[in-house]
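Student: I've got a model open and I'd like to learn how to read its pockets and helices. Can we walk through it together?

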Amino acid sequence: MENKRKLTVKEKASYGLGAVGKDMVYMLSASYVLYYFQDVMGVSAVAMGIILLGARVFDAFNDPIMGIIVAKTKTKMGRFRPWLLIGTLTNSVVLFLMFSCPPSLDGAGLTAYAAIFYILWGVTYTMMDIPFWSMIPAFTKGGKERENLTTLARSCSGVGSAVVMVITMVAVHALGNVFAGADAAAREIERTGFSIFSLIIAVLFSVFIIITCTNIKEKSTVDVDTATVGEMFKALFRNDQALCVVVAIVVVNCSMYITSNLAIYFFKYDFGGVDWYKSYTYFTTFGGAMQIIGMMIFYPVLRKFFNSIKIYFISLIMCMGGYAAFFIMCWSAIDNVFILFIPAFFIFAANGMLQVLVTVFLANTVDYGEVKNGRRDESVIFSMQTFVVKLASGISAFIASMTLAAFSLSSDNTEKAIDFSEGISVSQKMGLRMVMTIIPIIGLIFAYFWFKKKYILTDETVEELSRETEKLHQEKAVS
């Protein structure tokens, strides 16, 4: 029976809390697993690159499989909550074990540990992530209520990501100093700090999702739209505009992820200082704030004056300008992190707007595909967004890992308090700076001209397509 009662504040808060915990866990893994295994534990950068690329591509293919499993589940708890609980509890355990690698391991054993637990983390995260988002239709009435809840959950996800991005390195060093001892080696402090911090995040994650499952009841039976990988690619190549947007998503996200993966190494080995992690925290805090402001303020304001395509080009130019300024500043012996806020403003604010725009552009391709091919591949196209974001993440992690290997950036020091930048040559710093800035600029230039040549869905075209699809739906209703 369809739910007729409006969601209560308690239900909304419980679902939002689950989103906070879910993305706290995701951000800890996505942003710090490379640094933890390569720089803290000593896994080969090349090995980490292969592990991260392979695991994330595997995880992207695993999503549709999990969707099918959830769709076929029938229990007294419903279809979604059993997997949400199972996935959360297993993922929490795996997260803690992943960031608690035994210090006695080395060589092949250490590499195998990293590979096994990172793959397990991806599988168990997918196990809870798919039902978390898929269950929305089962306890909402649809329409505005469903849209508002989705918006709330996405906002809460952003909060969870931002919290972990901001506090991780400060918390790791603080916890490491307490549990490993202030006189411990630098690596031991970080190793211990990551273990304790991941335990705290895992516990919070489990508690938040248990609250979600306790207060959210599935009130209706819904069909879960699932798409196989083959169906995703068929839909993509049938729709040239969807293909255009997907390529743009991969290139833009790769460009941004390369920088985010290497930022911690820049502050540790280039910007330097004994308290380098504090500068890194200030930078990521400001960047995260600018990204949110770009989404919530800059895009709506610019939309009053420009169409979405122009805002896309403005955003790309802003981003390229920010990268160029960042590269120039790196050569001017800057030792004040707040000066770097200038290029960070342009890069992160532009990225926030780009994240909104790709969703808008993908939505536009749905009507286009229906008119062109007579098929409305809505769920398939949006499943592709998750796939390509994970693919971009894997590619960028591989590039970042190869960069670390090429320029031999690794922490081999045993002292407690040390400026890691003192042992790094000018050529190593130059290589890191160029990969962080020049390669993303090249990617963004490609995205600019690719989109300019391929994307044809202007505001006028989108309105016309909307009228045509509405007419098609009316004709089908009559027949």
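Tutor: Sure. Keep in mind that this is a predicted model. Start with the second largest pocket: its residues divide into 7 nonpolar, no polar and 3 charged.

Student: How do we spot empty space, and how much of it lies in the second largest pocket?

Tutor: In general, rolling a probe the size of a water molecule over the atoms shows where empty space is left. Here, the second largest pocket holds about 150 Å³.

Student: Which residues line that pocket?

Tutor: Among them are Phe266, Asp270 and Phe271, along with Met329, Cys330, Asp335 and Arg433. Helix α9 (residues 240-271) gives the most to this lining, with 3 residues.

Student: Now helices. Which residues of α3 are buried?

Tutor: The general idea: an α-helix has 3.6 residues a turn, so residues three or four places apart point the same way. In α3, the buried set includes Leu84, Gly87, Thr88, Asn91, Ser92, Val94, Leu95 and Met98. What covers the buried residues of α3 includes α1 (9-40), α4 (107-134) and α7 (186-215).

Student: What span should helix α3 have from its 18 residues?

Tutor: At 1.5 Å a residue, helix α3 (residues 81-98) should span 26 Å, and its end C-alpha atoms are 25 Å apart, so the two agree.

Student: Let's zoom in on Ser198 in helix α7. Is Ser198 buried or exposed?

Tutor: Buried means under 20% relative accessible area. Ser198 has 0%, so it counts as buried. Leaving out residues up to four places away in sequence, Ser198 touches Leu28, Leu95, Phe96, Phe99 and Ser100.

Definitions and conventions
Residues numbered from 1 in each chain as written. Predicted model: local features only at pLDDT ≥ 70, side-chain atom pairs only at ≥ 80, totals over all residues. Heavy atoms only, no water. 1 Å grid on protein atoms, 1.4 Å probe; cavity = no way out; pocket = protein on both sides within 12 Å on 5 of 7 lines; lining within 4 Å. Points joined across faces, edges and corners; volume = space filled by probe spheres on them. Helix = DSSP H or I, 4+ residues; strand = E, 2+ residues; numbered from the N terminus. Nonpolar A, V, L, I, M, F, W, Y, C, P; charged D, E, K, R; others polar. Expected span 1.5 Å × (residues − 1). Buried < 20%, exposed > 50% of the residue type's maximum accessible area, 1.4 Å probe, protein only. Contact = heavy atoms within 4.5 Å.
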